[in-house]
Amino acid sequence: VQLQASGGGLAQAGGSLGLSCAASGSIVSISVMGWYRQAPGKQRELVATITRRGATDYEDSVKGRFTISRDNAKNTVFLQMNSLKPEDTAVYYCNANVYAIDNLRWQDYWGQGTQVTVSS
């Protein structure tokens, strides 16, 4: 199983960026998908999660600005980031809890990380 993230880049404060992450491989099912971020010198933190049925949860600082969604048919999760702030600058990682044919158990997988930089 592989997670391939795309999107991100550079934005000005108040601007918008979008991220996507597609899971591929011997996938039977995916339960929760999510986005995490890690700023320089800080620990990785949860940004948002979404269940297979579409229930979402957000870190307080991004509520009302970020929107997580997913396409179950394409095993893809998205993160739309609006009203960006310099403190949103970080490497963003996607995560998925996957049941794969290879090992027949639920396991977390991570994408490679994509840089988001917000200038003031």
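**Exercise 1. Are Cys-21 and Cys-94 buried or exposed? Describe the link between these two residues.**

Before the solution, note that this is a predicted model, in which local features need pLDDT of at least 70, side-chain atom pairs count only at pLDDT 80 or more, and totals for chains, interfaces and linings use all residues. Residues are numbered from 1 along each chain as its sequence is written, and side-chain values use heavy atoms, with hydrogens and water left out.

Step 1. Cys-21 is buried, and Cys-94 is buried as well; the scale calls a residue buried under 20% relative accessible area, exposed over 50%, and partly exposed in between, with a 1.4 Å probe and protein chains only.

Step 2. A search of the whole structure finds 1 disulfide, the term being used for a pair of cysteine sulfur atoms within 2.5 Å. Cys-21 and Cys-94 form a disulfide with their sulfur atoms 2.0 Å apart, and with 50° about the S-S bond their link is right-handed.

Step 3. The pair links distant parts of the chain, since Cys-21 lies in strand E3 and Cys-94 in strand E9, 73 residues apart. Strands (E, at least two residues) are DSSP runs, numbered from the N terminus, as are helices (H or I, at least four residues).

**Exercise 2. Identify the residues with the most contacts inside the largest nonpolar core, and the strand that gives the most to this core.**

Step 1. A nonpolar core is a set of buried Ala, Val, Leu, Ile, Met, Phe, Trp, Tyr and Cys residues joined through side-chain atoms within 4.5 Å. The largest one has 32 residues, and those with the most contacts inside it are Trp-35, Leu-79, Met-81 and Tyr-92.

Step 2. Several strands each supply at least two residues of this core, among them E1 (2-7), E3 (17-24), E5 (45-50) and E11 (114-119), while E9 gives the most, with 6 residues.

Step 3. Looking at Tyr-92 in detail, and not counting residues up to four places away in sequence, one finds that Tyr-92 touches residues including Leu-19, Trp-35, Val-47, Phe-66, Leu-79, Met-81 and Val-116; contact means heavy atoms within 4.5 Å.

**Exercise 3. Work out why the pair of Tyr-36 and Trp-110 is edge-to-face, and describe what lies around these rings.**

Step 1. Rings of Phe, Tyr and Trp (its six-membered ring) pair if their centres lie within 6.5 Å, with planes under 30 degrees apart counted as stacked, over 60 as edge-to-face and the rest as tilted. The structure holds 2 aromatic pairs; for Tyr-36 and Trp-110 the centres are 4.9 Å apart and the planes stand at 65°, so this pair is edge-to-face.

Step 2. Tyr-36 belongs to strand E4 (residues 27-38) and Trp-110 to strand E10 (residues 106-110), so the pair ties together parts that are 74 residues apart in sequence.

Step 3. Tyr-36 counts as partly exposed because its relative accessibility is 22%, and Trp-110 counts as partly exposed at 37%.

Step 4. Arg-44 lies over the face of Trp-110, at 4.7 Å from the ring centre, and also over the face of Tyr-93, at 3.7 Å from the ring centre. A charge sits over a ring if NZ of Lys or CZ of Arg is within 6 Å of the ring centre and within 35 degrees of the ring normal.

**Exercise 4. Compare the surroundings of Asn-95 and Ser-6, and state which backbone oxygen the side chain of Asn-95 reaches.**

Step 1. Asn-95 is found in strand E9 and counts as buried because its relative accessibility is 7%, whereas Ser-6 lies in strand E1 and, at 37%, counts as partly exposed.

Step 2. The side chain of Asn-95 reaches the backbone oxygen of Tyr-109 at 3.4 Å. Leaving aside neighbours within four places in sequence, Asn-95 is in contact with residues including Leu-3, Met-33, Tyr-36 and Trp-110.

Step 3. On the same basis, Ser-6 is in contact with Gly-18, Leu-19 and Ser-20. The side chains of Ser-6 and Ser-20 make a polar contact (2.8 Å), meaning a pair of N or O atoms within 3.5 Å; within protein, one must be able to donate a hydrogen and the other to accept it, and residues adjacent in sequence count only if both atoms are side-chain atoms.
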